[in-house]
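Colleague: Give me a close look at one part of this model, please, and spell out the cut-offs as you go.

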Amino acid sequence: EHFAGVAMHTFFVADSQFAVLKAQQIADAARAPDAPLLNMSYAWEALGSAALPVIEPLMTDANPQLAFAAARAAAFIGSYGAHEALLAMARDERNPLRTEAVLTLGRLENSPAVNAMLRQLLDVPEASVRIAAYEALVRNRDTRIISRAIGDKFMIDVIPSQGPALVYATRLGTPRIALFGPQAELNRSIMFTAADARFSISRSETAGLLTLFYRGAGLPKPVQVKSRPDLAEIIARL
């Protein structure tokens, strides 16, 4: 989609003088109320580095849509200042395009600098921003994400974070369950039942442990497992 967007907005003239002139024309037209800013962002990107002196000043424009369109184009051209601008947008709770900003950061070429920015977004309160940053870091195989395969069924990801605790599950691509925040535990005094009491979680006689019990149809005998109350371990055992 990205490649097609750039290809469809590439001009046949390629010299730097044309790029500067055309970038300025697009910038002037971008202030119109109904300006097609995504198309303009693709066109800026296609013009390349010669257009950056025109694009970069727009990254702090009062119009957040215009600022994002400029930062997006400049980031894909290779402007580090645009990376910083996208990070600021993603951290700004009042910015209506903060999720789009972190998604753009996640689509940039994998690098330690980009991953360091994405890690900062794991601590923000807004779930959509944290999840977008996490998914980008998973794709980039960042060491901040602690992953474990549960057989061939799914992955458990533990994400150290100072933000609110969050559990996120997805079946798109590789099935994953992600645990954000400080190490989460089940209440040790819990008594939980489900499936018409065929499954239960209860406090174990062994101090500090829980007992998982299941008597499912077709099993020759019930299954009983002891587990620490750590949420990741409980999910893995389930």
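Modeller: Let's start with one bridge: Ser 147 has Asp 157 of E2 as its bridge partner. The model is predicted, so local features need pLDDT of at least 70 and side-chain atom pairs count only at 80 or more, while totals for chains, interfaces and linings use all residues. Residues are numbered from 1 along each chain as its sequence is written, and side-chain values use heavy atoms, leaving out hydrogens and water.

That bridge belongs to an antiparallel pairing of strand E1 (residues 146-150) with strand E2 (residues 154-159), over five bridges. Pairing takes at least two DSSP bridges between the strands; strands (E, at least two residues) and helices (H or I, at least four) are DSSP runs, numbered from the N terminus. Three residues sit between the strands of this hairpin, and Gly 151 takes a positive phi near 60°.

Next, the helices. H7 (residues 98-107) and H9 (residues 127-139) have axes that come within 9 Å and cross at roughly 5°. Axes are lines fitted to C-alpha atoms, for helices over the stretch in contact, with angles running from 0 to 180 degrees between N-to-C directions. H7 and H9 are therefore roughly parallel, the label for angles under 35 degrees. Contact (heavy atoms within 4.5 Å) involves Arg 98, Thr 99, Val 102, Leu 103 and Gly 106 on H7, facing Ser 128, Val 129, Ala 132, Ala 133, Ala 136 and Arg 139 on H9.

Definitions and conventions. Parallel < 35°, antiparallel > 145°, perpendicular 65-115°, else oblique.
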